[in-house]
Every structure is written in structure tokens, then in C-alpha cells.
Amino acid sequence: MIETFRQIASEIQNPYIEAWKAAGKPVIGFPCTFLPEEVIAAAGILPMRFRAVGISSLSIGDTYYGPVVCSFPKCILQLAGEGVYNFLDGVIITPGCDSMRRLDECWRKAGEDIAGITPGFFHYFGVPHKSTDYSLRWFVEELGILIESLEKHFGRAITDEAMRQNIRKYNTSRRLLQRLDQVRAAGTPISGEDALAIVLAGSAMPRDEYNRLLEALVAELEQLPSIQDGRKRLLLVGSLNDDLDFVRVIEECGAVVVGDAMCFGARSYHTLVAEDGDPVEALARHYLSRNLCPRMFGYYKDRLEFILKRVKDTRADGVVLQNIRFCDMHGSENGIFARDLAKAGIPNVRMEREYGPLVESGRIKMRVDAFIERLA
Amino acid sequence: MKKESMEYQYDWNIWTIIHNASLAADGTRKEYEALLEYVPHFRDVLDIIIREGEPGIRLLKLLEEYLHSLTTAHAEGKKVAMTTFCMATPVLYAFDVVPLSLEPLSVLGTLVLKRGTAEFLDYCCELGFTETSCSAQRGALGAYLAGMGASPDFIVCDTPGVCDTNANSFAFASAWLDLPFYQLNHPQAVAGERSQRYHRQDFHNMIAFLEEHTGRKIDLERLRSVIREVKRQDEISCELSDLIQLRPSPVPSIYDLFLYGGKFMMGGTPQYTALLEAMLEKAKDNARKNISGTRSGKEKARALCCYVDHYTTDARLWEFFDEFEISHLGSLLFTFWQNGMPYARGREQEGYGVSDMDLDAMIDSLADQNSRMPMIKQIRGPYDAPHMWLDDTIGISQIVKPDFIIYIGTMGCRNTWSNIKLLQRDTERHGIPTLVLYCDAFDDRVASWEAVRERFSEFIHVRRIAS
């Protein structure tokens with residue numbers, strides 16, 4: 001079963017998306033976990049978080065973006081420009097960070113030069129950077145605008161009941177992933193690489209099928225013995241990472257990644273959306289109160305507390321604080337985590353990397369090797 | 001950090017240099033020349049400023065007073081707020097809080113210190129702040145993280161939603177120094193009822209934060225006097241902007257720096273009003289004589305900076321403009337969107353007006369002013385959305401009619417580096433030659449001024465500008 005997840009995690013298109021499209025149903029891509037997927041799913045549209053696996057050039061990304069920008073949105077633009085994302089029916093851009101929100105303009109402008117790469121539905125979803133009563137109201141209004149736009153463009157009604165139903169479905173995923181984390185913490189029957197594949201698969205397949213597969217897998221894992229075999233237990237923290245090879249290189253150094261505090265990971269499922277009350281309000285409250293991404297400025301202590309709890313829960317021996325180059329928010333915060341984790345007696349290492357093909361595996365391996373030696 | 005770099009407090013060190021420099025105007029020519037020996041690393045830039053006569057002297061006095069108030073704030077019983085250039089200072093002055101504005105302090109360090117701010121830029125990285133972060137904050141931030149300056153009591157910034165790299169510097173400082181933090185967060189659109197409501201609620205919330213951390217209620221009369229000062233300053237700024245439209249532009253190139261530099265440090269104070277009045281008088285005098293504001297009085301070409309200027313040692317950007325007899329028509333930092341500004345005419349919903357009617361009206365005015373500050377207005381949304389960067393660049397170009405546009409930024413500016421190529425393509429399509437300079441406005445280790453100048457000269461030559 002893990003092979004199914006690995007396959008989905010290793011490519012942009014997958015049999016589930018193909019089947020979905022073959023049934024005449026739309027797919028919408030988005031870049032960041034601050035977008036409530038439940039709303040899109042409630043329209044009968046498959047939400048798919050952008051990834052850029054299989055990237056081999058940045059010729060298009062570098063044409064529109066400037067030189068000192070995070071490689072993740074550049075890679076997405078590259079794939080979009082190459083037509084890899086032409087199967088999408090819509091794109092929603094969120095201001096996850098400056099580089100990410102500029103994907104809006106870069107993609108649209110690239111679309112003026114390269115025919116067919118900009119889908120008919122192209123929407124900007126504004127997410128405040130703080131949790132207050134008035135920012136919540138803004139978020140609720142943004143959701144209202146999004147719902148209206150989706151309904152108008154796709155000719156589908158988004159009912160409260162459909163949203164509630166999808167909240168329940170996504171909560172099921174969240175509960176299962178929390179269970180998976182508990183299994184990893186307790187018995188460690190699975191590598192960090194495979195665990196990441198499981199999370200990634202969820203970003204690119206219909207929720208019902210994902211929950212079905214995930215439930216079966218978690219039940220299976222609960223019966224399996226540990227694979228730790230004397231290896232050091234590491235927690236992975238920082239920027240977005242959807243690179244299985246990155247985790248594999250770390251684990252090949254004699255470690256097992258037992259948990260994370262990342263957006264393709266625990267940060268996206270550690271809390272549940274309220275299932276009662278007004279669904280739009282519940283979604284807004286949930287998504288806007290997630291202060292675990294440094295885009296929410298001024299909530300450092302919440303994030304430190306979360307990491308400390310994750311270290312404790314996963315019984316991690318050390319923490320890898322990684323960030324994509326030019327991701328100043330995670331990069332800088334990693335600097336403070338390094339100080340504060342050290343104060344708490346938790347060994348840690350900082351690591352900057354590029355998004356995309358793992359061209360720097362030698363450097364990463366050397367740094368992780370040295371770190372694990374420290375833990376010995 | 002080098003031991004000798006830690007010998008003097010960063011802001012005090014700059015203050016002593018500026019203080020000595022500001023005395024220049026009080027003596028004879030002979031005394032002035034003798035004094036230059038005491039500011040060896042600042043003498044060139046000092047000469048550029050003093051050459052401007054009364055406005056230059058006013059600027060030096062303003063800088064001296066600002067730095068003095070910062071270095072003596074705690075002794076005077078005042079609170080210090082670490083903040084950013086695009087946070088309008090009047091609200092802080094209304095609370096009698098001294099703004100510790102990182103970017104102006106980086107500029108000052110870059111201009112006047114022997115080694116610029118390299119040591120402090122790098123010290124941030126020693127602590128864990130990324131080297132790819134914006135040098136505009138890092139230059140001074142390093143010193144404050146090292147405890148080498150006025151110690152801030154709290155942090156207020158207004159760049160979340162506008163410039164994450166900027167906001168991140170303040171979030172880092174807050175976490176590292178464990179200081180109370182307030183962020184004004186801006187939605188992606190500047191105009192419209194929704195945005196206005198958000199701006200104002202957020203601003204009122206900030207007033208509550210300031211009341212909590214200063215231990216005092218906002219003083220109505222003090223606020224009213226600040227607001228009236230702002231009103232007068234806005235009127236003068238509008239007149240100056242009107243004059244820039246003349247050909248030749250009678251406004252000296254360095255007034256660009258004077259106008260925004262003064263505002264970022266002392267907007268809302270009588271000192272800034274005095275500076276603006278002196279600038280206006282000189283510009284009007286030039287206009288009467290029908291001469292350009294360049295040193296020679298001639299104007300061969302007109303330049304518009306679509307983002308920031310270049311600040312590394314000795315103010316050489318402005319020297320360059322003067323040498324080539326190019327009028328500097330301003331930068332993005334020159335735009336504040338007061339109603340009455342030539343570029344705000346016909347675009348009233350993007351502008352702001354000041355009211356001193358009652359407390360709420362005054363606070364709302366300041367919120368409106370703040371949400372139109374340079375960068376806050378233009379960079380918050382997609383560059384080609386209404387009221388944003390492209391609209392403003394083209395709109396202002398149509399008014400001041402530059403012969404070319406220059407982009408200068410910092411290597412940390414994810415925002416503008418993400419779409420400057422798009423903007424450049426659009427401005428070129430509008431028939432305005434546009435140069436993107438791959439350099440860092442605050443750190444000439446990225447590209448030396450000589451290299452920048454070479455590219456600049458080459459561009460001017462190849463595009464047959466100022467020939």
C-alpha cells in the first residue's frame with residue numbers, strides 16, 4: 001500500500017487525478033496550506049497543492065522571476081510554463097510569502113507569452129498575517145468571495161452541508177495522520193521518507209480514497225515492529241519540503257526521521273476544524289489561528305512551544321532545522337530555534353538547501369553525518 | 001564582530017559625527033574647512049549636503065536632533081519604539097515615543113561610517129538571521145541586536161502583507177530580544193471600504209498597544225498639534241512635487257533623500273516642517289530663475305527611480321546625477337499620496353486627507369496616511385493590479401516625464417525581485433528606457449559603486465540619454 005502513496009508523491013499527475021479528470025471533474029491547484037481546501041472540495045473540485053517534482057530546468061522560472069527568489073515558486077512556474085499543469089482548471093494563489101504570492105503575476109505574464117498555461121479560473125485569496133476579530137472577518141469575507149467566484153465560474157453550488165461534509169472528511173484525514181504520528185513516535189515502524197510520501201499523497205488525490213487507503217495503512221503500521229534499529233531519531237523542522245530524496249539522504253546517514261514541524265506535515269493536521277456551527281466561520285477560525293508558519297508574524301513563542309512538544313512526543317534525539325535558500329522567514333526563525341533548542345538541551349543543526357532535484361546530497365550527507373556523530 | 005566596532009554605540013557614534021557636521025553651518029568658511037578634518041569619512045557627503053545651503057543645514061540639524069533624541073530617550077523618560085521607515089512617525093510622536101527606525105539608521109551608518117555597516121550586517125548573520133535578508137534593516141539591526149545603541153522598549157512594524165522580508169526583520173528582533181511586538185497588517189488592496197475598515201481597525205488596535213506599553217492615554221492636544229504639523233508638511237510636499245514637473249526641474253536631486261529621510265525620522269515634527277520650507281524656498285528660487293536643481297543648473301535628462309536610491313558611502317548616486325546633469329525626479333520613497341499631490345489628482349480614493357476634527361477623525365487620518373506610505377501602498381498587491389506598483393510608476397511617469405527609469409533595490413527584496421522583470425518590460429513598452437541595477441542599495445560588497453556606475457554610464461550611453 002505504501003507503494004501507492006510513494007507513486008503519487010513522486011509525480012505531478014497520478015492515476016487518481018487522471019480518473020477524476022476523465023469523469024469530467026475539475027482540479028484546482030494552490031500553493032499554500034492557508035487555503036481551506038474544504039471549500040474547493042465542497043464544489044466537487046479536486047484541490048491539489050502545487051509541487052514541482054520532476055523539474056529539470058529553470059529557464060522559464062528565471063525569465064519571469066528575478067535572481068534572488070525562492071526556488072519553489074520558480075519551479076512551479078517552470079512546470080506551468082512547460083505545460084505540466086495544463087490539466088488544471090483553476091489556480092488560487094495565496095500570500096504564503098512574498099515569493100509565493102508573486103507567482104500570481106509571474107504565471108499570468110508567462111501565460112501571455114505561452115499559450116494555454118493559464119487556466120480560466122485564476123484567483124487571489126488574501127490571507128491576513130494575524131489572528132484578530134477583524135482579520136477573521138476579512139478571512140470570512142475572502143472565503144465568501146472565493147465561494148461566489150467558484151460557483152460562478154464552475155456553475156456549481158457550494159452549500160453549507162457540502163462544506164460540513166468536507167470538513168468531516170478532512171478532519172478524518174487529520175485524525176488518521178495524527179494516529180500515524182503516534183505510531184511513528186511509539187513504535188517507529190516506518191521511515192520518515194515513507195511518512196512524507198503518505199502526507200504528500202494526500203495533497204493530490206480525492207479525499208475519500210485517501211482516507212480509505214490511509215486508514216488501512218495506519219491499521220497495518222500499528223501492528224508492525226520498529227525499524228529504528230539503533231538509529232538516531234530526528235525531527236525535521238522548517239520550510240516546505242516535499243522532496244523524498246532529501247529525507248532519504250538524512251536517513252541513510254544512520255537516522256530515522258520520526259516527525260516534523262513543517263507544512264507538508266504535522267503543521268497542517270495537528271488541529272481539527274470545528275464540525276458544528278457555521279462552516280465558513282469554522283474554517284476561517286481554524287486556518288487563521290494556525291500560527292505555526294512564520295508568515296504569521298509575532299507568534300514565535302507558539303512555534304517554539306510546538307516544536308518542543310513535538311520533540312517530546314516523538315522522543316527525538318535531535319532536530320534538523322532546514323530552509324530553502326531565500327526563505328528568510330523560516331531561515332531566520334531557525335536561527336532563533338537553534339539558540340532556544342540548545343538552551344533546552346536539544347541538539348540541532350541548521351541547513352539551507354535549494355528546492356528541486358537533490359543536487360547537493362553530498363553536502364547534506366556530510367552535515368547530517370557530523371550532526372549524528374554529535375548525538376552519539 | 002570586531003572589538004573596535006563595538007567600542008562606540010552605533011547611534012551615538014553617528015550622532016557625534018552628525019553633530020560635529022551640523023555645527024559646520026554655525027561658523028565661518030575657514031572653520032567649516034577645518035571641521036571637515038573631524039569628519040574624514042563623511043566629508044564628501046557633508047559637502048554635498050552643505051552645498052545645498054539652508055535646506056542642507058536644516059537636514060543636518062534635523063538628523064542631529066533625531067539622533068540626539070534617540071540616544072537620550074531613556075534619560076529623558078521617553079520610550080523607544082523599534083520601527084520601520086514606512087511606518088508613519090506622527091502617531092509615535094503623538095505618544096512622545098522616539099522612533100528607532102532601522103532603515104534610516106542603516107542609511108546613516110552606510111553614508112557616514114568608515115566601513116559602512118558591513119560589520120553589523122554580518123553580525124545579524126552570526127546570530128542566525130539569514131544573509132539573504134534585507135540589508136536595509138540588517139545594517140542597523142546588527143548593532144541593536146548587539147546592544148550597541150538605544151534599547152528599544154517595544155517594536156511596531158507595518159509591513160506584514162506588504163514586505164515579508166521587512167516584517168521578518170522585526171519579528172526576528174522581537175523574538176531575539178524578547179520585546180513586545182505589534183504588527184499593522186495590510187490587505188492586498190489599498191482602496192475600497194473593506195481595506196479602509198481593516199486599516200483603521202488595525203490602527204486603532206495599535207493605539208491600544210501603544211497606550212499599554214507607554215502607560216499613557218493618547219493626548220488629544222498633542223495629537224492635534226502633530227496632525228496640524230502633518231497637514232502643513234503635506235501642503236509643502238505637494239508644492240515641491242508640483243515643481244518637479246517643470247522642465248528643467250528646479251528641485252535638486254538630493255531633495256529626494258531630504259524629503260523622505262526627514263519624514264521617516266521626524267515626520268509630524270516642526271523640525272521636518274522647517275526642512276521642507278527651506279527646500280521649497282530654494283526650489284521656487286530655482287524655478288524663478290528657470291534653472292535646474294542640478295549643480296550646473298542645467299538639465300540634460302530626467303530620471304525616475306522606481307524603487308529606492310543607492311546609499312553606499314558618500315552619497316555617490318546623487319553626485320552621479322549632478323555630474324551628468326540629470327534631474328532626479330524622485331523614487332518610490334518620494335511618494336506619500338496626500339490628496340493634492342499631482343499624482344493623486346483624479347485618483348482620490350488612493351490618496352488621503354488629514355482631519356483634526358475629533359480624536360477618531362485624527363486617528364483615522366493617521367491610519368489612512370500610514371496605509372499610503374511608500375511601499376505600503378504599492379507593493380502589497382499584484383504589481384499590475386489597480387493602484388499598485390505599475391500604476392504608480394506609469395502614472396507618475398506621465399506627470400514628471402522621465403527620460404528613463406532605474407530600479408535599485410536590495411538583494412533581500414523578494415517582492416520586487418520577483419516582478420521587476422515584468423515591470424521593466426511594461427515600462428519599456430510604454431516607451432521609457434528602464435535599467436535594472438543588480439546591486440544592493442545598502443551593501444556595496446554585492447556590487448561596488450564603481451561597477452554600478454559603469455553599468456549606469458553604459459546604459460545612458462547605449463540608450464542615448466543625456467547626450
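A crossing of two helices is called left-handed if the near helix is turned anticlockwise from the far one by less than a right angle. In this predicted model, helix α8 of chain A passes helix α10 of chain B in just such a left-handed crossing.

**A helix pair across the two chains**

Two packed helices are described by the angle between their axes and the distance between the axes. For α8(A), which covers residues 133-154, and α10(B), which covers residues 193-214, the angle is about 160° and the axes are 10 Å apart. Angles over 145 degrees count as roughly antiparallel, and α8(A) and α10(B) are therefore roughly antiparallel to each other. On the side of chain A the residues that meet the partner helix are Y134(A), W138(A) and E141(A), while α10(B) brings R194(B), Y198(B), Q201(B) and D202(B). Sorted by class, the residues of this contact are 3 nonpolar, 1 polar and 3 charged.

**The contact between the chains as a whole**

The contact takes 39 residues from chain A and 41 residues from chain B. On the side of chain B that touches chain A, the elements that give two or more residues are α9 (164-177), β4 (181-183), α10 and α17 (414-429). Of these, α9(B) gives the most, with 9 residues. The residues on this side of chain B divide into 18 nonpolar, 17 polar and 6 charged.

**Helix α9 of chain B**

How far apart should the ends of α9(B) lie, at 1.5 Å a residue? The 14 residues of α9(B) should span 20 Å, and because the end C-alpha atoms are 19 Å apart, the expectation and the model agree. Of the 14 residues of α9(B), 13 are buried, so this helix is largely enclosed by the rest of the structure. After α9(B) comes D178(B), whose phi is positive, near 55°.

Within chain B, α9(B) also packs with helix α8 (residues 135-145), at an angle of about 5° and with the axes 11 Å apart. Angles under 35 degrees count as roughly parallel, and α8(B) and α9(B) are therefore roughly parallel to each other. Q137(B), L141(B) and L145(B) of α8(B) make this contact with N166(B), S169(B), A173(B) and W176(B) of α9(B). By class, the contact of α8(B) with α9(B) has 4 nonpolar, 3 polar and no charged residues.

**Two residues in their surroundings**

A residue counts as buried if 20 or more other C-beta atoms lie within 10 Å of its own. The table sets out two residues for which this count is given.

| Residue | Location | C-beta neighbours inside 10 Å |
|---|---|---|
| K130(A) | loop between β4 (121-124) and α8 of chain A | 21 |
| V230(B) | helix α11 (residues 220-244) of chain B | 27 |

K130(A) counts as buried because it has 21 such neighbours, and V230(B) counts as buried because it has 27. Leaving out residues up to four places away in sequence, K130(A) touches S135(A) and M296(A) as well as Q183(B) and N185(B). K130(A) and L288(A) are 158 residues apart in sequence, yet from C-alpha to C-alpha they are 7.4 Å apart in space. With residues up to four places away again left out, V230(B) touches P90(B), G268(B) and V354(B). V230(B) and T427(B) are 197 residues apart along the chain, and their C-alpha atoms are separated by 33 Å.

Definitions and conventions:
Residues are numbered from 1 along each chain as its sequence is written. Chains are lettered from A and ligands numbered from 1 in the order in which they are written. This is a predicted model: local features need pLDDT of at least 70, side-chain atom pairs count only at pLDDT 80 or more; totals for chains, interfaces and linings use all residues. Axes are lines fitted to C-alpha atoms, for helices over the stretch in contact, and angles run from 0 to 180 degrees between N-to-C directions. Helices (H or I, at least four residues) and strands (E, at least two) are DSSP runs, numbered from the N terminus. Angles under 35 degrees count as roughly parallel, over 145 as roughly antiparallel, 65 to 115 as roughly perpendicular and the rest as oblique. Two residues are in contact if their C-beta atoms, placed from the backbone, lie within 7 Å. Ala, Val, Leu, Ile, Met, Phe, Trp, Tyr, Cys and Pro count as nonpolar, Asp, Glu, Lys and Arg as charged, and the others, Gly among them, as polar. The expected span of a helix is 1.5 Å times one less than its number of residues. A residue is buried if 20 or more other C-beta atoms lie within 10 Å of its own, exposed if 12 or fewer, and partly exposed in between; C-beta atoms are placed from the backbone.
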